[in-house]
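Here is a short tour to read with the structure open on your screen. We start with a single residue, move on to some charged pairs, and finish with the whole chain.

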Amino acid sequence: MEARDQDGLPDQMLFLSISKEFIAFVNRQKGVYVDACAGFAENKRVVGRQAFRVMKEGGYKSDEPGKQVVLHTWAHDESHPDNVTNHITLASSFTEANSIHGSNSQQVCKSIVVFIFAYWDEEVRPKLARSICVANKQIRSDIMGDIRLLRNDILHNKSVMSEESHRRLTTIAELFVPGQPIVFYHSTMNEIFKKINRGVAYMLRDCIGMQLPPDADKIISLAIRG
């Protein structure tokens, strides 16, 4: 059933509302990313200090060969004390994973990219298309096309940027190296979030004729009223 206004015409206000919800969703992912990075930094600080203390109390130097601190962490629900998820690793591996741009940060970034595209492709894009009575393929976004390529290489190419995918990137090609692992730096994620906001602005212009300022190519954050 097509979404139309009371006169049976394409509903531009509904298009705006759906776009607003998508921007809010993307901003929540940005918040998750920032909060996760802050948590990883605190994890590294606390465990680094504890590992140093354990080594010192044992009479070892922190760089002494063969001497490692084993770390046991866990997560549990206080209302279900028997339900505990454990993680045992070396303190050095833990601090490395929680370092800036470490494996934990990379995992969060990849998850966010995959999640954003899934939500766009399965939920947002079809709703936008129905709201103005067009086919899904007529709702176009260069940045979301690029995120689709990232998502594909993350899931199907062991997180390596393929030559073909890189050649097809139109908005973020400079952020990645063809044939090399896909690595997300803070600057990379910042650019992706900014360009999604900018991409939605362009989509509003192209799909429902919204007027944009002359410097629309500098948009870094989008606020949709209503």
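## A serine inside a helix

Let's begin with Ser19, which sits in helix α1, the stretch covering residues 12-57. Keep in mind that this is a predicted model. Is Ser19 buried or exposed? Its relative accessible area is 1%, and a residue counts as buried under 20%, so Ser19 is buried.

Which residues does Ser19 touch, leaving aside those up to four places away in sequence? The partners are Leu128, Val200, Met203, Leu204 and Ile224. One of them, Leu128, is worth remembering, as the next section turns to the helix of residues 103-131.

## Salt bridges within one helix

The model contains seven salt bridges. In one of them, the side chains of Glu123 and Lys127 come together with an N to O distance of 2.8 Å. Both residues belong to helix α3 (residues 103-131), where they are four residues apart, about one turn of the helix. Glu123 is partly exposed, at 33% relative accessibility, and Lys127 is also partly exposed, at 32%.

Helix α5 (residues 163-168) offers another pair, Glu164 and Arg167, three residues apart and again about one turn of the helix. Their closest N and O atoms lie 2.7 Å apart in a salt bridge. How accessible are the two partners? Glu164 has a relative accessible area of 41% and is partly exposed. Arg167 reaches 59%, and the cut-off for exposed is over 50%, so Arg167 counts as exposed.

## A bridge between distant parts

Now look at Glu174 and Lys195, which form a salt bridge with closest N and O atoms 3.3 Å apart. This pair links distant parts of the chain: Glu174 is in the loop between α5 and α6, Lys195 is in helix α6 (186-208), and 21 residues separate them. Glu174 is exposed, with a relative accessible area of 55%, whereas Lys195 is buried, at 13%.

Which residues make up the network of salt bridges here? Glu174 and Lys195 are joined in it by Glu191 and Lys194.

## The whole chain

Stepping back, the protein is built from six helices and two strands. Along the sequence these elements follow the pattern α-β-β-α-α-α-α-α.

What are the overall dimensions? The C-alpha trace spans about 80 × 45 × 35 Å along its principal axes. The radius of gyration is 23 Å, while a compact globule of 226 residues would have one near 17 Å. Of contacts between residues at least 6 apart in sequence, 56% join residues that are at least 24 apart.

## Surface and charge

Of the 226 residues, 36% count as buried, and Ser19 is one residue with that label. The protein exposes about 13,800 Å², and carbon and sulfur atoms supply 52% of that area.

How are the charges placed overall? There are 28 positive and 27 negative charges, and their mean positions are 3 Å apart.

Terms used
Residues are numbered from 1 along each chain as its sequence is written. This is a predicted model: local features need pLDDT of at least 70, side-chain atom pairs count only at pLDDT 80 or more; totals for chains, interfaces and linings use all residues. Side-chain values use heavy atoms; hydrogens and water are left out. Buried means under 20% relative accessible area, exposed over 50%, partly exposed in between (1.4 Å probe, protein chains only). Contact means heavy atoms within 4.5 Å. A salt bridge is a side-chain nitrogen of Lys or Arg within 4 Å of a carboxyl oxygen of Asp or Glu. The radius of gyration is taken over C-alpha atoms; the globule rule is 2.2 Å times the number of residues to the power 0.38. Accessible areas come from the Shrake-Rupley method with a 1.4 Å probe; for residues, only the protein chains shown count as cover. Lys and Arg count as positive and Asp and Glu as negative; His and the chain ends are not counted. The place of a charge is taken as NZ of Lys, CZ of Arg, CG of Asp or CD of Glu.
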